[in-house]
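I opened the notebook to record how the strands and helices of this chain fit together. My entries follow in the order I looked things up.

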Amino acid sequence: MNLPFESALNGRRVLVTGHTGFKGGWLSIWLNSIGASVSGISLKPSTYPNMFTAAQVEAVTDHHILDISRQQDLSELIARIDPQVVFHMAAQPLVRRSYAEPIETFRTNALGTAHVLDACRKAGAVEAIVSVTTDKVYRNYERETPYSETNELGGRDPYSASKVAAEYISASYRESFFSGADGIALATARGGNVIGGGDWSEDRLVPDIARAIASNEKLEIRNPASVRPWQHVLALCHGYLQLADALLNRDTEYQSAWNFGPSLNDTISVQGVLDKFAEAWELPEITTPAYQESSKYESRLLMLDCNKAREKLGWKPAWDLNTAILRTATWYNCHMACSEDTPMITLDQISEYRSALAAQFH
């Protein structure tokens, strides 16, 4: 039985851009499991292994490989898919890569967002869009006060700046083209750091742990004191789904920016996460390279104020950080033991998360 916020998506045509990625794969499987008709537009997976292949995401989606920078092709494809709800997640998602590939990052994250929104504007059936950005859109003063949706935006690195641009592009389309009772309901979603099975991205903590364990090599940790808002990927997917449900009600109150992150108790350092992982996973030897001053900025302290989502959407993660870490370790252990069981463990964890949510509703 579907949860209250899932019912509106049952039977609807839903498009996920970036469905070959880590978060997009989890969201696509969840959507399919609740009866949505899911289409995906994305580049090919950027790593091997990857969530898309391991969890057999193609089996549950109408799968299309296309670069969202190809405006005409994208517009024609979205017109053919004719979606009613769109989750725009396609992106270049890595801060350090953005320094090596700044033009590609801006082309995908900023101009690509404009292409997706314009194609949705021209398509006939789109009712709601969740445009996914990041918690790194805030001008970060490295302070201990959490950032709320009304705080100043500003990105020092190309990745963050490209996502700030995506925020402004989304706001512009909402005010210029989507306003009015019959317009498309559009909101942006700013999520904190996520963990969970199926992430093999470069320069991320959990994938680095999984790779070190699989290869029996040392685990190098660059910034153990950096503090982030950690949550399971399903908590973020849950936020996107709940926001989409609210947008489908066409209430303008929800057509804005939303933070999705954990409680402040789960906003801890990289070292704190490692300590918790050590309780669920036998970690390899850890090395920390000597600190070197770099001109390449990376934030060291970032916390989110998510009271808006909690109070207005009723959103609350079903798993705390300890549970999220345990489920993440379980997923990777299952995948390493028998890769054929990966689709099953993925669906099982979605079911477990939804059961925990159901307990909140009763």
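I count two strands as paired if DSSP finds at least two bridges between them. The model is a predicted one.

**Entry: the S6 and S10 pair.** I started with strand S6 (residues 185-191) and S10. They run parallel and are joined by 4 bridges. I looked up one position in S6 and found Ala189 opposite Trp258 in S10. Is S10 covered on its faces? I rephrased that: which residues of S10 are buried on each side? Ala257 and Asn259 are buried on one side, Trp258 and Phe260 on the other, and both faces are covered.

**Entry: the whole sheet.** I then traced the strand order. The sheet is open, has 7 strands and reads S3-S2-S1-S4-S5-S6-S10. The pairing is parallel. Which strands form the edges? I found strand S3 (62-65) and strand S10 (257-260), each pairing on one side only. I also noted the turn between neighbouring strands: 20 degrees on average, with direction ignored.

**Entry: S1 and S2.** I moved to strand S1 (residues 13-17) and strand S2 (residues 37-42). These run parallel, with 5 bridges between them. I checked Leu15 and found that its bridge partner in S2 is Ser39. Next I asked what H3 touches in the sheet. H3 packs on the sheet and touches S1, S2 and S3. The direction of H3 makes about 175 degrees with that of S2.

**Entry: H3 against H5.** I compared helix H3 (residues 71-81) with helix H5 (residues 102-122). Their axes come within 9 Å and cross at roughly 40 degrees. Angles of 35 to 65 degrees fall outside the parallel and perpendicular classes, and H3 and H5 are therefore oblique to each other. I recorded the crossing of H3 past H5 as right-handed. Which residues make the contact? From H3 I listed Gln71, Leu74, Ser75 and Ile78. From H5 I listed His115, Val116, Asp118, Ala119 and Lys122. By type, the residues of this contact are 4 nonpolar, 3 polar and 2 charged.

**Entry: H7.** I finished with helix H7 (residues 205-215). Its buried residues include Leu205, Val206, Pro207, Ile209, Ala210 and Ala212. What covers them? I found, among others, strand S7 (193-195), strand S8 (219-220) and strand S9 (227-232). Helix H9 (270-280) and helix H11 (321-337) are also part of the cover. Just after H7, I noted Asn216 with a positive phi of about 55 degrees.

Technical notes:
Residues are numbered from 1 along each chain as its sequence is written. This is a predicted model: local features need pLDDT of at least 70, side-chain atom pairs count only at pLDDT 80 or more; totals for chains, interfaces and linings use all residues. Side-chain values use heavy atoms; hydrogens and water are left out. Axes are lines fitted to C-alpha atoms, for helices over the stretch in contact, and angles run from 0 to 180 degrees between N-to-C directions. Helices (H or I, at least four residues) and strands (E, at least two) are DSSP runs, numbered from the N terminus. Angles under 35 degrees count as roughly parallel, over 145 as roughly antiparallel, 65 to 115 as roughly perpendicular and the rest as oblique. A crossing is left-handed if the near helix is turned anticlockwise from the far one by less than a right angle, and right-handed if clockwise. Contact means heavy atoms within 4.5 Å. Ala, Val, Leu, Ile, Met, Phe, Trp, Tyr, Cys and Pro count as nonpolar, Asp, Glu, Lys and Arg as charged, and the others, Gly among them, as polar. Buried means under 20% relative accessible area, exposed over 50%, partly exposed in between (1.4 Å probe, protein chains only).
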